[in-house]
Amino acid sequence: MTNFEKVAEIIKTSLPDAKVDVYDLGGGNHLRVEIISNGFEGKTLIQQHKFVHDILDHEMENRGGFIHALSIKTSIPKN
């Protein structure tokens, strides 16, 4: 399993309905995650991003992980 697959799996564990895309922005440790999930319903954009950052906390470089920089884009599915 690649680091990117691991990131997607961690997100999907917390947001099972999520459509997750992970992109390398450089060096394998600068990532962009784009997540679409009903789990964001009723949350502000800041709350959505904090939620994602919190679930990926252990993958962040300052916690011993590999992610140095993380860009997050979240949205709720359009029905």
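**Figure 1. Leu-31 and its partner across the strands.** Leu-31 stands opposite Leu-70 in β3. This is a predicted model, so keep that in mind for every view here. Strand β2, which covers residues 30-36, pairs with β3 in the parallel sense over 7 bridges. Two other pairs help you find your way along these strands: His-30 has Ala-69 as its bridge partner in β3, and Ile-35 stands opposite Thr-74 in β3. As background, strands of a sheet pair through backbone hydrogen bonds, and the pairing can be parallel or antiparallel.

**Figure 2. The sheet as a whole.** Step back a little and you'll see an open sheet of 3 strands, in the order β1-β2-β3, with mixed pairing. Which strands sit at the edges? They are β1 (19-26) and β3, each of which pairs on one side only. From one strand to the next, the twist averages 15 degrees. On the β1 side, 7 bridges join β1 to β2, and these two strands run antiparallel. One spot to look for is Asp-21, which stands opposite Glu-34 in β2.

**Figure 3. Strand β2, one side chain at a time.** Follow β2 along and watch the side chains alternate. Leu-31, Val-33 and Ile-35 point to one face and are buried. His-30, Arg-32, Glu-34 and Ile-36 point to the other face and are not buried.

**Figure 4. The hairpin between β1 and β2.** Here's the turn that links the two strands: the hairpin has 3 residues between β1 and β2. Within this hairpin, Gly-27 takes a positive phi near 75 degrees. Gly-26 belongs to strand β1. Is Gly-26 buried or partly exposed? Its relative accessibility is 28%, so Gly-26 counts as partly exposed. Gly-26 and Ile-67 are 41 residues apart in sequence, and their C-alpha atoms are 11 Å apart in space.

**Figure 5. Two helices on the sheet.** Helix α1 lies across β1 and β2, running at about 145 degrees to β1. Helix α2 packs on the sheet too, touching β2 and β3, and its direction makes about 130 degrees with that of β3. Trace the chain from β2 through α2 to β3 and you've followed a right-handed β-α-β unit.

**Figure 6. Gln-48, a buried residue with a polar partner.** Gln-48 is found in helix α2. With a relative accessible area of 7%, Gln-48 is buried, because buried means under 20%. The side chains of Gln-48 and Thr-74 are joined by a polar contact of 2.5 Å. If you skip residues up to four places away in sequence, Gln-48 touches Phe-40, Lys-43, Thr-74 and Ser-75.

**Figure 7. Ser-75 and its neighbours.** Ser-75 is part of strand β3, which spans residues 69-75. Its relative accessibility is 27%, so Ser-75 counts as partly exposed. What does Ser-75 contact, leaving aside neighbours within four places in sequence? The answer is Ile-35, Ile-36, Ser-37, Phe-40 and Gln-48. Glu-41 is 34 residues from Ser-75 along the chain, with 8.8 Å separating their C-alpha atoms.

**Figure 8. A salt bridge from Lys-6 to Glu-59.** How many salt bridges are there? The count comes to 5 salt bridges. One of them links Lys-6 and Glu-59, where the closest N and O atoms are 3.5 Å apart. Lys-6 lies in helix α1 (residues 3-14), while Glu-59 lies in the loop between α2 (45-55) and β3, so this pair ties together parts that are 53 residues apart in sequence. How open are the two partners? Lys-6 has 36% relative accessibility and counts as partly exposed, whereas Glu-59 is buried, with a relative accessible area of 11%.

**Figure 9. Two further salt bridges.** The side chains of Asp-54 and Lys-50 meet in a salt bridge, with 2.8 Å from N to O. Both residues lie in helix α2, 4 residues apart, and that's about one turn of the helix. Asp-54 is partly exposed, with a relative accessible area of 44%. Now look at Arg-63 and Asp-57: their side chains meet in a salt bridge too, at 2.7 Å from N to O.

Key:
Residues numbered from 1 in each chain as written. Predicted model: local features only at pLDDT ≥ 70, side-chain atom pairs only at ≥ 80, totals over all residues. Heavy atoms only, no water. Buried < 20%, exposed > 50% of the residue type's maximum accessible area, 1.4 Å probe, protein only. Contact = heavy atoms within 4.5 Å. Salt bridge = Lys/Arg side-chain N within 4 Å of Asp/Glu carboxyl O. Polar contact = N/O pair within 3.5 Å; in protein donor to acceptor, adjacent residues only side chain to side chain. Pairing = 2+ DSSP bridges. Axes fitted to C-alpha atoms, helices over the stretch in contact; angles between N-to-C directions. Right-handed = clockwise from strand over helix to strand, strands pointing away.
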